[in-house]
Amino acid sequence: MLANVVVSTLIVCIPSTIVSIIIGVPIGYFLKIKRFKGRKFVLRLVYTLSGLPPVLAGLLVYIILSKKGPLGFLDILFTKWAMIIAQVILIVPIVVLYTLSGLKNVQLVLDNLDYLNVEGKKRYIALIKEYSKELVYATILGLSRSISEVGAVLIVGGNIEGETRILTTAIIYEITKGEFSMALLLGMVLLIISFAFNTILQILQGDIVD
């Protein structure tokens with residue numbers, strides 16, 4: 001049981017974080033360097049969505065993916081796909097906000113790249129190298145949000161044993177049964193996975209100090 005729950009957790013959390021980074025970082029970059037009509041409204045919307053209650057996100061995804069919903073034909077409600085979608089909705093605004101705050105002096109960097117006549121793919125590669133630490137931290141934030149989420153995934157996943165039961169929903173299930181020892185064990189596993197993710201990412205970044 002435990003191994004299956006851990007694997008399901010990783011299958012849901014890792015893809016949702018990757019997708020959120022792919023979506024959120026470009027949006028944050030665009031909002032940082034562009035000035036356009038309605039920008040303030042978009043920023044307020046992003047700030048609001050960053051605090052979106054998970055149960056509300058889960059309810060919205062549930063309605064959209066239900067048989068009578070606009071995407072009901074996909075038939076993915078109560079699957080890991082639905083759980084990933086719900087988590088992406090919750091994580092993307094957080095990644096966008098961190099990208100906005102993390103791209104310090106980006107205009108100066110862009111001006112230097114213009115001066116050096118760096119264009120095309122090389123330009124974006126240079127930006128990624130310049131802000132690699134910020135990308136790592138955004139990934140850590142996304143993983144932390146993903147691995148600790150319970151409300152949305154419980155609604156759209158259904159906590160089905162062997163299918164959509166992940167560590168957070170399994171903890172809730174064990175508590176409702178009164179199996180507090182098992183719930184604590186699952187909680188410890190959750191902390192260990194979170195610690196491992198954060199440590200690996202920071203080591204890759206070379207940001208661990210004694």
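Helix 5 spans residues 106–115, and its buried residues are Val106, Val109, Leu110 and Leu113. These buried residues sit on the same side of helix 5, because they cover an arc of only 100 degrees around the axis. An α-helix has 3.6 residues a turn, so residues three or four places apart point the same way. The other side of helix 5 carries Leu108 and Tyr115, which are exposed. What do the buried residues of helix 5 pack against? Their partners are helix 1 (2–33) and helix 6 (121–130). Just after helix 5 comes Asn117, with a positive phi of about 60 degrees.

**Overall build**

This is a predicted model. The protein holds 10 helices and zero strands. Its pattern along the sequence reads α-α-α-α-α-α-α-α-α-α. The C-alpha trace spans about 65 × 50 × 25 Å along its principal axes. Of the 210 residues, 42% are buried. Among contacts with a separation of 6 or more, 71% join residues 24 or more positions apart. The accessible surface comes to about 12,200 Å². Carbon and sulfur atoms account for 68% of that surface.

**Annotated spans**

An unreviewed UniProt entry annotates residues 6–29, 41–65, 77–100 and 183–204 as "transmembrane region". The UniProt record also lists residues 6–201 as "domain: ABC transmembrane type-1", again from an unreviewed entry. The table sets out the computed make-up of three annotated spans, two of them transmembrane regions in the record.

| Span | Helix | Strand | Distance between end C-alpha atoms |
|---|---|---|---|
| Residues 41–65 | 88% helix | 0% strand | 28 Å |
| Residues 77–100 | 88% helix | 0% strand | 33 Å |
| Residues 6–201 | 78% helix | 0% strand | 19 Å |

**Helix 3 and the loop after it**

Helix 3 covers residues 54–65 and includes Val55. Val55 also belongs to a nonpolar surface patch of about 660 Å². The other members of this patch are Leu56, Leu59, Leu60, Tyr62, Ile63, Phe78 and Ile160.

Gly69 lies in the loop between helix 3 and helix 4 (80–102). Is Gly69 buried or exposed? Its relative accessible area is 15%, so Gly69 is buried, the cut-off being under 20%. Leaving aside residues up to four places away in sequence, Gly69 touches Ile63 and Ile64. Ile63 thus appears twice here: Ile63 is part of the nonpolar surface patch, and Ile63 touches Gly69.

Key: Residues numbered from 1 in each chain as written. Predicted model: local features only at pLDDT ≥ 70, side-chain atom pairs only at ≥ 80, totals over all residues. Heavy atoms only, no water. UniProt positions renumbered as here; feature names shortened; annotations may be inferred. Helix = DSSP H or I, 4+ residues; strand = E, 2+ residues; numbered from the N terminus. Buried < 20%, exposed > 50% of the residue type's maximum accessible area, 1.4 Å probe, protein only. Arc of directions from axis to C-beta. Contact = heavy atoms within 4.5 Å. Patch = residues over 30% accessible without salt bridge, like charges linked within 9 Å, V, L, I, M, F, W, Y side chains within 5 Å. Areas by Shrake-Rupley, 256 points an atom, 1.4 Å probe, with all protein chains shown as cover. Salt bridge = Lys/Arg side-chain N within 4 Å of Asp/Glu carboxyl O.
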